[in-house]
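Look at the structure shown below. The paragraphs after it go through some of its helices, strands and charged pairs.

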Amino acid sequence: MPQSNESATIPADSHSPPGQGTGQPGTSRPSTRKPSFLSNLGADLPASLVVFLVALPLSLGIAAASGAPIMAGLIAAAVGGIVAGSLGGSPLQVSGPAAGLTVVVAGLVAEFGWQVTCAITVGAGVVQLLMGVSRIGRAALAVSPVVVKAMLAGIGITIILQQLHVLLGGQAAGSAVENLTALPAAVTNVELHSALLGLAVVAILLSWKFLPAAVRKVPGPLAAVVAVTALSVAVAPGVERISFSGSIFDAVALPSLPDGNWRAAVMAVITVALIASIESLLSAVAVDKMHGGIRTNLNRELVGQGSANMVSGMLGGLPVTGVIVRSATNVEAGAKSRTSAILHGVWVLVFSALFAGLIQLIPLSVLAGLLLVIGAKLIKVADIRTSLRTGDLLVYAVTVVCVVVLNLLEGVIIGLALAALCVLWRVLRAQIQAHAPVGTGLPWRVTIAGSCSFFALPRLNRVLHSVPEGQDAVVELNADYLDHAFRESLVAWEKQQRNSGATVVVEEHGTTAFTDAEHNTPQRQEPREFPLPPRTTWQPSDAAAQGNNDDGDPHPPLRSILLGIDKYHRRHADKVRPLVQDLTEGQNPDTLFVACVDSRVNPNLITSSGPGDLLTLRNIGNVVCSDDHDASIDSTLAFAVKALSVDSIVVCGHSNCGAMKAVIADAEGSDAGLGRGFDTWLEHARPSYQALLAGHPVARAAEAEGFSRVDQLSMVNVAIQLGKLSEHPVTGPALASGQVQATGLFYDICTARVVLVTPEGIEQLDPSMAVR
């Protein structure tokens, strides 16, 4: 797709000689020349005509609803297309007068008059221009989407209440509340011809999508306005119509400054600038999702919108924003660059200059019918459902009511304040609950999750003091933020509970460390993914002794295991259950993992494996015996290869291995003193020691990396066991045929890193450890 922004390159379908200007064969450097105005004219010209036909009636209707001169809508449409289209950062967005500012402009016209409103539009343009130059375009998007959607819905309701009076042949009041209370009287005094014409427009627009595709090539708003206007000339010549004098050039009106009330005028400038900026940027982001071309430069878009509002206000036009209806039409019509938006503005200007008389044939009730449909489209059921699902329905409802009952600015400010309070409530609120024991001898459980700050102290103290004195308790702390005040309060209760003779165990599962809150500035930490820390890190050092003294348990280690099982049931069982439900009828591991019995080696942890992934064989020294030397090893290999059809076999050694120390000590004449069985088992590892003495390449590589002699032997032992696998009658043929692959690993405990062991050497699997 051709590129068309400020850093544009040559179109993708252009051809340049290979290597020209790059110094490298077969490559081409993008041209810095921008595409010409005519480069995409074949696609942009018809698209611009379609957008023009949609924009014309919408601009007239928005001007009528705003209480502004009718031609002010066409001036804004022309300026938005030409100025914003040329200078903006969104190549496919189309700008012009928008329904979102209708209520604001109507209020400004009523308070200040039209020419001062034009000056406010110029001031808003200056603010937008400064925002763009200051490069805070993205900051303008830091507005809760639910508030923006509610704002548009409130505007839609206000437009509907206003235009119902026009459709019924009456006059709209100044506020939505007044329009609502006066509606029964308007219905009683309905002007039948006006009402029927307006309802005819509504009916055409609602049924347009059901008509054949050939008919729908004509924009629905244009067809409805033209058809009903022609009908009104024939059957209702006396209805009230659009009236103005002169052409679009005669409607040009220079702005004037307010005589007083400057504070209100400044607030109006800020209001128009913010609403126009937010609507334009949100529209630009939405348009970006509709095509695969250049993304919007949001800061440049603010510059373009600000420039357009300055020009529009100076010429007597309405405020300009990016409009999603026209922009979506532009994309769907096949536009390729900003040329389409610019041409659409030119067509509006030409039509307004040459055919202004035709505009005066349009009845006001026809535009009212058009605006009723536009207002209804601003109220989206999908937005209400989304706010309900996301818990933002209160913010949505309050913003809508305040926009309708008060005014747009106050409604948006209240909505933003409420949204901010809701965020603070959700972010700062900690979930704290106390759970009574479910069985005899079990402790109370206190679960704490979320942001643990001083905001949560009232709830924390209430829940903690619901635990009876003298009762043992386990505090499960799952905090993503924890400050000193929260820790101090929890520690004070812990001391009080222990003084009453109870034990209190604090288990940490969150991203913050409980002890850090004592002396350090609180801050959010990265999530800790490590699921199974050693018991010594979460069980108190006197837990076993307390278990022995309090319960008469003669087996403190068993007490620790039972505490661990209790924690598993509380913290992990419900999370593990979905992972093992598919494994209840059988297993299908892909790897046989041969590891040492050393308690420091956790195969599932170092391979990020879960239930059902690894078939594990553990013995002293992670050895593989020759055939018929050990039935347990032979049966495991046969079961893995023949019954489970594993894809790989891993042999994993580790640092500071006790078996390797015993082999070295035995070779040096020392007896481990562990009995005949242990000495016999070491026979399976003694060939590894001989290979070490013979200068095995793995030993040389490990020595070069700085590993100790014991660790060198551990790595050589892994390589020797891989050789035994290739000679075994079960695994040998499977390895030779490629049915199974064998891999050697070495776990370095001090660095918690894994090293790859091959028959020829070793390789660091962690890039950060490549230089040891």
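The model is predicted. A place to start is helix 26, where Ala631 and Lys642 are exposed, on the other side from the buried residues. Those buried residues of helix 26, which spans residues 631–643, are Ile633, Asp634, Thr636, Leu637, Ala640 and Val641. Seen down the helix axis, they fall within an arc of 165 degrees, so they line one face of helix 26. What do the buried residues of helix 26 pack against? Their partners are strands 7 (591–596), 8 (614–619) and 9 (648–654), together with helices 28 (676–681), 31 (709–727) and 32 (731–737). After helix 26 comes Ser645, which has a positive phi, near 55 degrees.

Next come two paired strands. Strand 4 (residues 444–452) and strand 5 run parallel and are joined by 9 bridges. In one of these pairings, Ile448 has Leu477 of strand 5 as its bridge partner. Strand 5 covers residues 473–482, and 7 of its 10 residues are buried, so the strand is largely enclosed by the rest of the structure.

Two single residues show different surroundings. Asn179 is part of helix 6 (residues 176–181). Its relative accessibility is 2%, and Asn179 therefore counts as buried. Leaving aside residues up to four places away in sequence, Asn179 touches Leu161, Gln162, His165, Ala172 and Ala173. Leu358, in helix 15 (residues 356–359), has a relative accessibility of 48% and counts as partly exposed. Leu358 also belongs to a nonpolar surface patch of about 530 Å², made with Val233, Val350, Leu354, Phe355 and Leu361.

The charged pairs remain. Side chains of opposite charge can pair when their charged atoms come close. Across the whole structure, 9 salt bridges are found. One of them joins the side chains of Asp383 and Lys149, at 4.0 Å from N to O. Because Asp383 lies in helix 17 (residues 381–389) and Lys149 in helix 5 (residues 145–167), this pair ties together parts that are 234 residues apart in sequence. Asp383 is buried, at 12% relative accessible area, whereas Lys149 is partly exposed, at 32%.

Another salt bridge is formed by Arg600 and Asp598, at 2.8 Å from N to O. Here Arg600 is partly exposed at 37% relative accessibility, and Asp598 is buried at 14%. The side chains of Glu683 and Arg686 also meet in a salt bridge, at 2.5 Å from N to O. Salt bridges with shared partners join Glu683 and Arg686 with Asp666 into one network.

How values were computed: Residues numbered from 1 in each chain as written. Predicted model: local features only at pLDDT ≥ 70, side-chain atom pairs only at ≥ 80, totals over all residues. Heavy atoms only, no water. Buried < 20%, exposed > 50% of the residue type's maximum accessible area, 1.4 Å probe, protein only. Helix = DSSP H or I, 4+ residues; strand = E, 2+ residues; numbered from the N terminus. Arc of directions from axis to C-beta. Contact = heavy atoms within 4.5 Å. Patch = residues over 30% accessible without salt bridge, like charges linked within 9 Å, V, L, I, M, F, W, Y side chains within 5 Å. Areas by Shrake-Rupley, 256 points an atom, 1.4 Å probe, with all protein chains shown as cover. Pairing = 2+ DSSP bridges.
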